[in-house]
Amino acid sequence: MQHLIRPVSTLNGLWDFAFLGPCDLAAFNPMAPPACPEKMPVPAAFDALPAYAGQRGAAVFRRRFSVPPGRPARIEFGAVSLWTRVYVDGLFRREHACGYAPFAVEVPPEAHAERELLVLVDNRFDFARVPMHEEYFDFYQYGGIIRDVTLHVLPARAPFVERVQVWPAEGYREGRVNVTIEFGGSVPAVVSFTTQFDRAEPEIHHEVKLQGAQAVLALTVPAPRIWSPDSPALHTLRVTVRSPGMETDLDDAAVRFGLRRIKAHGGALWLNGERLKLRGYNRHEWHPNYGPCTPTLQMIADLQLLRDLGCNFIRGSHYPQDQRFLDLCDELGFLVWEENLGWGQRAKTFDSEKFRRDHEAALRAMVRASSHHPSVIIWGFLNEAGTDEAYVRPVLEQTVATLRSLDPTRLVSYASMFALTDRHFDLVDVIALNLYPGWYGCEGAEAPLELIAPFIRKCLTQLDAAGFAEKPVVISEIGAEGLYGWHDAHHGFFTEEYQAEYLRRASEEALGNPRCSGVALWHFSDVRTYGGGWSLKRPRTFNNKGTLDEYRRPKAAYAAVRSVFSGGRHGPR
Ligand code: ADA
């Protein structure tokens, strides 16, 4: 959200820093914190820097900031990984244990302006303390304040705009939207405010009776324009809280949104009433030089490459996305599957009450942060959980119920690795399959590439036979490793040639099969993963299934996918 009246400033920049290593967190005293002899940029993953590469332990980030005396404030953290405790003026304010979900810290008013913020961060894996992060995940998890930090100065004794949500309604083509305005601070029973779409005249809402702390309105966007990948038109709604007599503006917030509708029925996906086929990639927010703190320029470069490949879709694997990236997707017209952090969890994780609580909190934070993005069409969760078993059902049910209650307009799904044996597809709007025929488990096959199309068809046929013909099916992952620069006349596993032919066949089948609503290939660019259990299947300790390598250099698969995704419109590259 953007603010004109509310003072908002960035706390990004150079902070004081100390790496404490494998210290005892219980012994940490915020009143006598360790010296911070170094400087560290925020956002940063400290272990993306050569000095701390591969190190695990606690670290302290510290800086001063100012708030006008007597005013409360709020500090919004885009993400702190893996685990954090935040202190203001030496006092504990908040603990957070999901390294990709946004959260906020309240700063109570003080008589003086100068304040101190201390962020204790820990990137050690510890199931009891941080059950959402585990070392077996197939992507490297870093430590640090990895996304933006923003300071909001709030009104002392007046309501402020906590959140504005705009939901395209039945008549969205004529600009009809349902708007929910949530107020924070001292919220009276009635609030006066204005709403203003784009450059239109503000509409006055005098002494509106609130439901809880919310005003719920049905409004019409003047001169409405529909958002679609071909024409990503955006609108803005600004809400300004007025004093009871309407003479003073107290606080404001503007939200950018798009008029569009996503539906799943008749075994297909529909965007704005037109049948939709997804052509896309899974993408990790990662670059070897920056870890998970990708510069905006790199995000734009990635989106340009995805556009050139002929994509209209990105699955944000496997965690809530950076808001800068979703803003770009809104502007450039990409469709996005955003998902909560999850990777291959089994019974041990589902048994953990702390996991269930943290997972639910991160889910809510994701929807809260992203529900205005027209690019986001699917909420995902729990990638490759043990969905061939019954024990996952309560958490799946709870997750779906939460998503539906928070957002009645988008589709929900989880990516399943059990296409033929999954037991919970009845819960989701879109069936999403992670398939690796011709890669995993094909040892000894004479012609592994020949396995791809028949296996996809078998999965689709079985789903129809199992009674899911009404639900759209997408292939949420499919891919093979190709080592950048590795060519061999035999075109064997790990060559660029094998990978290129693999992705060509997978894309052709996914786009050509009328029962399949699209594909997110695994994956856009190579990413760092772990040694340990994975290393023998992961040359370089990277997941090398990128169509581009980690520096975004295209492999042979690039031209192969591009030609399928663009229907042969592009010439060879
Ligand atoms: C899974 C997983 C991905 C990646 C992939 C692979 O489907 O969801 O994160 O690990 O397998 O490369 O094996």
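Guide: A residue is called buried when its relative accessible area is under 20%, exposed when that area is over 50%, and partly exposed in between. The structure to which these words are applied here is a predicted model.

Visitor: Why is D526 called buried?

Guide: D526 has a relative accessible area of 0%, and because the cut-off for buried is under 20%, D526 belongs to that class.

Visitor: What makes R540 partly exposed?

Guide: The relative accessibility of R540 is 42%, and since partly exposed covers the range between 20% and 50%, R540 is placed there.

Visitor: What makes the pair D526 and R540 a salt bridge?

Guide: A side-chain nitrogen of Lys or Arg must lie within 4 Å of a carboxyl oxygen of Asp or Glu, and the side chains of D526 and R540 meet at 3.3 Å, N to O, so the criterion is satisfied. D526 sits in the loop between β32 (516-521) and β33 (527-528), whereas R540 sits in the loop between β33 and β34, 14 residues apart, and the pair thereby links distant parts of the chain.

Visitor: How do you know that E481 and K545 tie together separate parts of the sequence?

Guide: Their side chains form a salt bridge at 3.2 Å, N to O. E481 lies in the loop between β31 (473-477) and α7 (496-512), and K545 in the loop between β34 (542-543) and α8 (556-565), so the pair connects parts that are 64 residues apart in sequence. Both E481 and K545 are buried.

Visitor: Which class, buried or exposed, holds R124, and which holds D122?

Guide: R124 has a relative accessibility of 18% and D122 a relative accessible area of 0%; because both values fall under 20%, R124 counts as buried, and D122 does as well. The side chains of R124 and D122 meet in a salt bridge of 2.8 Å, N to O.

Visitor: What is known of the contact between domain 2 and domain 3?

Guide: The domain assignment gives domain 2 as 159-257 and domain 3 as 262-565, and the contact takes 16 residues from domain 2 and 22 residues from domain 3. About 1,500 Å² is buried between them, 56% of it on carbon and sulfur atoms. On the side of domain 2, W167, W227 and R256 lose the most area, together 43% of what that side buries.

Visitor: Why is the pair E331 and R256 called a salt bridge?

Guide: The N to O distance between the side chains of E331 and R256 is 2.8 Å, and as the limit is 4 Å, the pair therefore qualifies. Between domain 2 and domain 3 the count is four salt bridges, while six residue pairs are in polar contact. Strand β14 (159-168) and strand β20 (249-257) are the elements that give two or more residues to the side of domain 2 that touches domain 3, and β14 gives the most, with four residues.

Visitor: How do you know whether H359 is buried or exposed?

Guide: H359, in helix α4 (residues 353-370), has a relative accessible area of 2%, and because this is under 20%, H359 is classed as buried. Residues up to four places away in sequence left aside, H359 touches M132, N340, L341, F381, L382 and T399.

Visitor: What makes N29 partly exposed?

Guide: N29, in the loop between β2 (13-21) and β3 (38-42), has a relative accessible area of 37%, which lies between the cut-offs of 20% and 50%. The side chain of N29 reaches the backbone nitrogen of M31 at 2.9 Å.

Definitions and conventions. Residues are numbered from 1 along each chain as its sequence is written. This is a predicted model: local features need pLDDT of at least 70, side-chain atom pairs count only at pLDDT 80 or more; totals for chains, interfaces and linings use all residues. Side-chain values use heavy atoms; hydrogens and water are left out. Domain bounds come from an automatic or database domain assignment. Contact means heavy atoms within 4.5 Å. Buried area is the accessible area (1.4 Å probe) that two parts lose on being put together, summed over both. A polar contact is a pair of N or O atoms within 3.5 Å; within protein, one must be able to donate a hydrogen and the other to accept it, and residues adjacent in sequence count only if both atoms are side-chain atoms. Buried means under 20% relative accessible area, exposed over 50%, partly exposed in between (1.4 Å probe, protein chains only).
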